[in-house]
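Colleague: Before I rely on the labels in this model, I would like to go through the reasoning behind them, one label at a time. Could you show me what we are discussing?

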Amino acid sequence: MPATAKENEWRLVRSNDVINIWQSKSKADGISTIKAELTTKSTLSGFLLFLQDTANIPNWLDNSDYSEIIAQLTPTKNVFITHFEGVWPVKSRNMVIETEYVQNDDFSIDIFVQDASTKAEQISDSIR
């Protein structure tokens with residue numbers, strides 16, 4: 001877990017029957033760290049395959065129209081880009097993130113996500 005999250009208190013910002021989302025804001029630099037917990041009925045491999053199915057991301061991620069793995073660093077670590085449609089007057093957006101999946105001894109999964117914007121060229125007519 002990033003140092004910013006250890007130094008600060010977690011605050012529950014969203015909760016329902018299947019998801020809990022916490023936020024911690026660093027007092028030093030104001031950067032927010034997000035922690036989420038999802039409960040779903042699936043096999044472990046099915047859930048991971050769902051997350052890595054980048055062609056399917058536009059079907060469940062709002063305003064996303066394109067996503068692609070641009071580098072597989074290890075079997076559990078990927079860099080991928082997602083493009084988001086712009087709704088006038090807002091320009092299209094894109095994000096490049098690095099994700100890593102770690103399975104714990106209790107079979108739970110930790111998913112670490114961080115900015116990887118320097119690992120891909122900027123797309124023209126889109127804001128990163």
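Modeller: Let us begin with S64, which is found in strand β4 (residues 64-74); please keep in mind throughout that this is a predicted model.

Colleague: Why is S64 called buried?

Modeller: The relative accessible area of S64 is 5%, and buried means under 20%, so S64 meets the criterion and is called buried.

Colleague: Which residues does S64 touch, leaving aside those up to four places away in sequence?

Modeller: With that exclusion, S64 touches I57, P58, T82, H83 and F84, where a contact requires heavy atoms within 4.5 Å.

Colleague: Let us turn to I97: is this residue buried or exposed, and how do you know?

Modeller: I97, which lies in strand β6, has a relative accessibility of 13%; because the limit for buried is under 20%, I97 counts as buried.

Colleague: What surrounds I97, and how far apart are I97 and A116 in space?

Modeller: Not counting residues up to four places away in sequence, I97 touches N78, V79, F80, V113, Q114 and A116. The C-alpha atoms of I97 and A116 are 4.6 Å apart, although the two residues are 19 residues apart in sequence.

Colleague: Now the charged groups: what makes K77 and E98 a salt bridge?

Modeller: The closest N and O atoms of K77 and E98 are 3.7 Å apart, and the criterion asks for a Lys or Arg side-chain nitrogen within 4 Å of a carboxyl oxygen of Asp or Glu, so the pair qualifies as a salt bridge. K77 is in strand β5 (residues 77-84) and E98 in strand β6 (residues 92-103), so that this pair links distant parts of the chain, 21 residues apart.

Colleague: How do the two partners differ in label, that is, which is buried and which partly exposed?

Modeller: K77, at 22% relative accessibility, counts as partly exposed, whereas E98, at 8%, counts as buried; the dividing value is 20%.

Colleague: What is the N to O distance for E100 and K77, and why is that pair accepted?

Modeller: The closest N and O atoms of E100 and K77 are 4.0 Å apart, and since the cut-off is within 4 Å, the pair is listed as a salt bridge. E100 lies in strand β6 and K77 in strand β5, so this salt bridge ties together parts that are 23 residues apart in sequence. E100 itself is partly exposed, with a relative accessible area of 28%.

Colleague: Where does K119 come in, and how is its exposure classed?

Modeller: The side chains of E98 and K119 meet in a salt bridge with an N to O distance of 2.5 Å. This pair, too, links distant parts of the chain, with E98 in strand β6 and K119 in the loop between β7 (109-115) and β8 (126-127), 21 residues apart. K119 has a relative accessibility of 49%, and exposed would require over 50%, so K119 counts as partly exposed.

Colleague: How many salt bridges does a search of the whole structure find, and which residues form the network?

Modeller: The search finds three salt bridges, and K77, E98, E100 and K119 are linked in a network of them.

Colleague: Finally, what makes β1 and β3 edge strands?

Modeller: In the open sheet of three strands, whose order is β1-β2-β3 with antiparallel pairing, β1 (11-15) and β3 (32-38) each pair on one side only.

Note on methods
Residues numbered from 1 in each chain as written. Predicted model: local features only at pLDDT ≥ 70, side-chain atom pairs only at ≥ 80, totals over all residues. Heavy atoms only, no water. Pairing = 2+ DSSP bridges. Helix = DSSP H or I, 4+ residues; strand = E, 2+ residues; numbered from the N terminus. Buried < 20%, exposed > 50% of the residue type's maximum accessible area, 1.4 Å probe, protein only.
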